[in-house]
Every structure is written in C-alpha cells, then in structure tokens.
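User: Please walk me through some labels on this structure. I want the reasons behind each one.

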Amino acid sequence: MGLQYGIKEVLDVNILDYASKNPLFFVDYAEATSNENTAERLDLTGGRGNAKQMSFDHSKAGTFQLTVPLVDLKMLAMLSGDDLQEGAGQIFKREVLTVDDAGGTPSVTLSHEPVAGVKIFKLEGLRDTGEEIPATVSTKTAELTAAAADQQVIAFYQYAAPAKSKKVSIKSTKFPKAVEIFGTGLARNQEDELDYPCHLHVFKARPQPNFTFTMSGSDATNLEITFDMYEVKDQNGEGQYIDYIFETE
C-alpha cells in the first residue's frame, strides 16, 4: 500500500488531565483541528556580499488548535483554570410586575425568593426605570407603600442559583493546567480508496490563557482554543511533542 493519503475529516478529541490522566471531556463535534509547528533558523553569513555560509536550526515549538461550535462547560472551566462548580452563586433578576391590592395592601409577587433585599421602581414607558417605591419583603411577597392597583413596577434583586446549576469563574490567580490530548480521525489511501484510522497524540500541552467567548445575535458562538505543546522525553531520551499514527489495515 502506498504512503499517499487524502485527509478531510476533523479529529475526535479526548482531553485528559496531564497529572492524573483522568478524562476531562470528549469532543466529537469539532469544526476544525490543526497543528502548527515552528522553528527558528540562525544563518551564518560572511565573505563578499555577506552570503549565507551555513545555518543552525533551533527553538522548535508547536501548537494544537481546536475550534468547536458547541460550548462544553468543562472546557470553559479548563480554560479558566478553576473547577466547574455546581449550585453556587447568586443570580441577578430584573422583572416587570403588576401591582395587586386584593389583600388590602398593594403588593407584588416575585418569581424567586431574594437573598439580599429588593429594589422596586416605577416603570416608565416600555423599559425605563422611574422613581423608587419603598417595599417590605417577606419571602416572595413585596408590600408597597406608594403604589396603585394594576400599576407596573420593576423589581431588581438576586436569588440563589438552583442546586444543579453550573458556574465557571474567571479568577485573577487561576490559570489552565497541563493536559494530554488524543485525537482520532480518518485518512483515505490513494491506492485502494479506503478510509483508515489516523491517530494523534499530543504528549503534554497547556491551553493558552487568552481566549474570547462571544455571544452574538447574528452568529453562533464558536470557541477557539490554542494549546502550547511541551517537550516530553521518549524511551530513547529524545524530546517529542506530537505523534501521528496511520493504520494500514
């Protein structure tokens, strides 16, 4: 069988914690995966015309880039350098409510129980915040001292995140940890036109701490992650960054 392959499909990727070897997440929905390798060359020049005489290659480096159209929360946590938390934090709420005085006292019923007080204001126009209305709150009910029945008001408050909600925190002292990457794709041999597995192994890498998380009204969120690769010694003592293995049967 010849050594010429056509390669079109993207890799399925497993990301493992480098220290523990525990799997962090699996990506079988990547839009693109790429590997860039660079090096520097020092030229020695001299003589008439200062022509090149010889050169030394050095500082070989590499990156692995993963572009995904779906956002995995564990992936965001990996980029933040912190653990994915569950049921933690407070959620800010703004809601427009209609005053009810059926009980004899003007009041509104909040959709959640606030954890740190409530601010209530008159609604001006479609969305503007008007004068503040004093309120007394008990669980989800806010009694108003200066409001009329059927008047619309705006309530601002925070409530506890649900028990199964997930939180990703970007902290000033946390950075991404080292990972190990395994990828599997397909390569089509030119001679028999059959697809054979192609495997990638990045021995040690760290996600670059710079990333952009965009939410747009016209485009779906795409997350691009670039991993810097680091040298790991093989059994012969040679430094290695990445391996590609092409199956032939």
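Analyst: Here is the basis for the labels, one at a time. This is a predicted model, where local features need pLDDT of at least 70, side-chain atom pairs count only at pLDDT 80 or more, and totals for chains, interfaces and linings use all residues. Residues are numbered from 1 along each chain as its sequence is written, and side-chain values use heavy atoms, without hydrogens and water.

User: Why is L123 called buried or exposed, whichever applies?

Analyst: Buried means under 20% relative accessible area, exposed over 50%, partly exposed in between (1.4 Å probe, protein chains only). L123 has 17% relative accessibility, so it counts as buried. L123 lies in strand β9, residues 114-124. Strands are DSSP runs of E, at least two residues; helices are runs of H or I, at least four, and both are numbered from the N terminus.

User: What does L123 touch?

Analyst: Contact means heavy atoms within 4.5 Å. Leaving out residues up to four places away in sequence, L123 touches V96, D128, Q152, V153 and I154.

User: Why does F56 get its accessibility label?

Analyst: F56 has 44% relative accessibility, so it counts as partly exposed. F56 sits in strand β5.

User: What makes a nonpolar core, and which residues of the largest one touch the most other members?

Analyst: A core is a set of buried Ala, Val, Leu, Ile, Met, Phe, Trp, Tyr and Cys residues joined through side-chain atoms within 4.5 Å. The largest has 23 residues, and F64, M78, I181 and F227 touch the most other members. Elements giving two or more residues to this core include β2 (12-17), α1 (73-80) and β17 (223-229). A second, separate core has 14 residues, among them L97 and V153.
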